[in-house]
Amino acid sequence: MHLLVLGGTVFLSRAVAAEAFARGHRVTCAARGVSGSVPEGATLVRVDRDAPNGLDPLAGQDFDAVVDVESMSVTRVRRALTALGAGVAHWTFVSTCSVYADNETPGQRAESASLLDPAADDADETDRALYGQLKVASENAVRAAVGDRAFLCRPGLIVGPGDRSDRFGYWPARLCAGGRFLAPGSPENWVQFIDVRDCAAWIVTAAEQGLVATLDAVCPPVRWGEWLAAMVRAVGSDAEPSWVPQEFLLEQGVTPWMGPGSLPLWLPMPEHGGFMTRDVAGSLAAGLHIRPLADTATASLAWEQQLGLDRERRTGITRDNEGELLSRYDEGVFRARIV
Ligand SMILES: NC(=O)c1ccc[n+]([C@@H]2O[C@H](COP(=O)([O-])OP(=O)(O)OC[C@H]3O[C@@H](n4cnc5c(N)ncnc54)[C@H](OP(=O)(O)O)[C@@H]3O)[C@@H](O)[C@H]2O)c1
């Protein structure tokens, strides 16, 4: 198969190109080539999707399948469909679990969950607050043009080698340092994510098999307690969790999910009870394969080590901050005991 990856210079789209080449396919990546390099074996065609005819350098080539990872711009998605949609047998559009309207109800399935309203045609395509709605509009554009041969792949948090968001990697980086660590909320809460290599493999399989579906790309939910314990085993340290209730963390100004001063992946409950508990039975039946957590943990740690464990992070708390929070929490527990 000749696969066209619209992207291919970073993270997921790069992993898709690498996986397709490893399986013996011919791979063309179309990007500006400013964010990184394409993987070994792939050919880069320089395009600029911001220009109305920016995909012209691809003219005259025949592709069997296209993978588009466009993040925000419905305009770019539409242009790609117009330029390339008619001639290809399969089209994957990488969407997101952020398209869902209800983040509170646990156990929802892609097949039946309600969606946000699509962004309006004149919406600001750079407004991050519209991310989910722009993706809904892009999904609709894909369905309208190539719905009979489209895979709409909705990843949750994508993690692993190549991740520059500093989110998931906070945990293996912190755990490998060992000792007592701050674990947010309850060990009974759920967490869910996808290893970039599993997502990439599924996308290539979907193109090979002509999968026509709209499905979530995340692992089955795992309890925070089990997840952290498995990661501690995988990184081989003596790290010990101290579970600190969400009320204390919120009171202390710790940010959920991501950003400086956050505890990555932690989400307050019950209002986010649906975000990390998606039912992926349909995805697993349609070819999604999830590797053992230990593999994701060790690969994420190796990537963190490559980035530098002591770097300033875009996401997560510092060790000093963690120590202060644990001391303040201990003090409160101690006072409550002697009252
Ligand atoms: N990260 C997550 O946790 C997460 C979760 C859910 C869904 N997603 C979705 O997963 C996808 C991630 O894709 P990704 O990992 O490949 O990262 P990405 O940053 O979305 O990749 C963008 C690709 O497009 C190219 N590009 C950017 N501007 C361009 C332009 N003007 N013209 C041509 N090419 C351009 C980039 O290469 P150049 O800059 O070199 O041109 C790069 O190869 C996105 O759709 C995202 O919404 C991500």
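Me: What makes up the shell around the ligand, by class of residue?
Reply: In this predicted model, the shell around the ligand has 12 nonpolar, 10 polar and 8 charged residues, and Thr 9, Ser 13, Ser 35, Val 69 and Tyr 131 are the closest of the 30 residues that surround the ligand.

Me: Why is the approach of Leu 12 to the ligand called a polar contact?
Reply: A polar contact is a pair of N or O atoms within 3.5 Å, and a backbone N or O atom of Leu 12 lies 2.8 Å from an oxygen atom of the ligand, so the pair qualifies. By the cut-off of 3.5 Å, Asp 48 also qualifies, with a polar side-chain atom 3.1 Å from a nitrogen atom of the ligand, as does Arg 167, with a polar side-chain atom 3.2 Å from an oxygen atom of the ligand.

Me: How much of the ligand's accessible area does the protein cover, and which helix gives the most to the shell?
Reply: Of the 910 Å² that the ligand has on its own, the protein covers 85%, while helix 1 gives the most to the shell, with 3 residues.

Me: How do you know that strand 1 and strand 4 pair?
Reply: Pairing requires at least two bridges between two strands, and strand 1 (residues 2-6) and strand 4 (residues 65-68) have 4 bridges in the parallel sense, therefore they count as paired; across this pairing, Val 5 stands opposite Val 67 in strand 4.

Me: What makes strand 3 and strand 11 edge strands?
Reply: In the open sheet, whose 7 strands run in the order 3-2-1-4-5-6-11 with parallel pairing, strand 3 (43-46) and strand 11 (213-217) each pair on one side only.

Conventions: Residues numbered from 1 in each chain as written. Predicted model: local features only at pLDDT ≥ 70, side-chain atom pairs only at ≥ 80, totals over all residues. Heavy atoms only, no water. Near = heavy atom within 4 Å. Polar contact = N/O pair within 3.5 Å; in protein donor to acceptor, adjacent residues only side chain to side chain. Areas by Shrake-Rupley, 256 points an atom, 1.4 Å probe, with all protein chains shown as cover. Helix = DSSP H or I, 4+ residues; strand = E, 2+ residues; numbered from the N terminus. Nonpolar A, V, L, I, M, F, W, Y, C, P; charged D, E, K, R; others polar.
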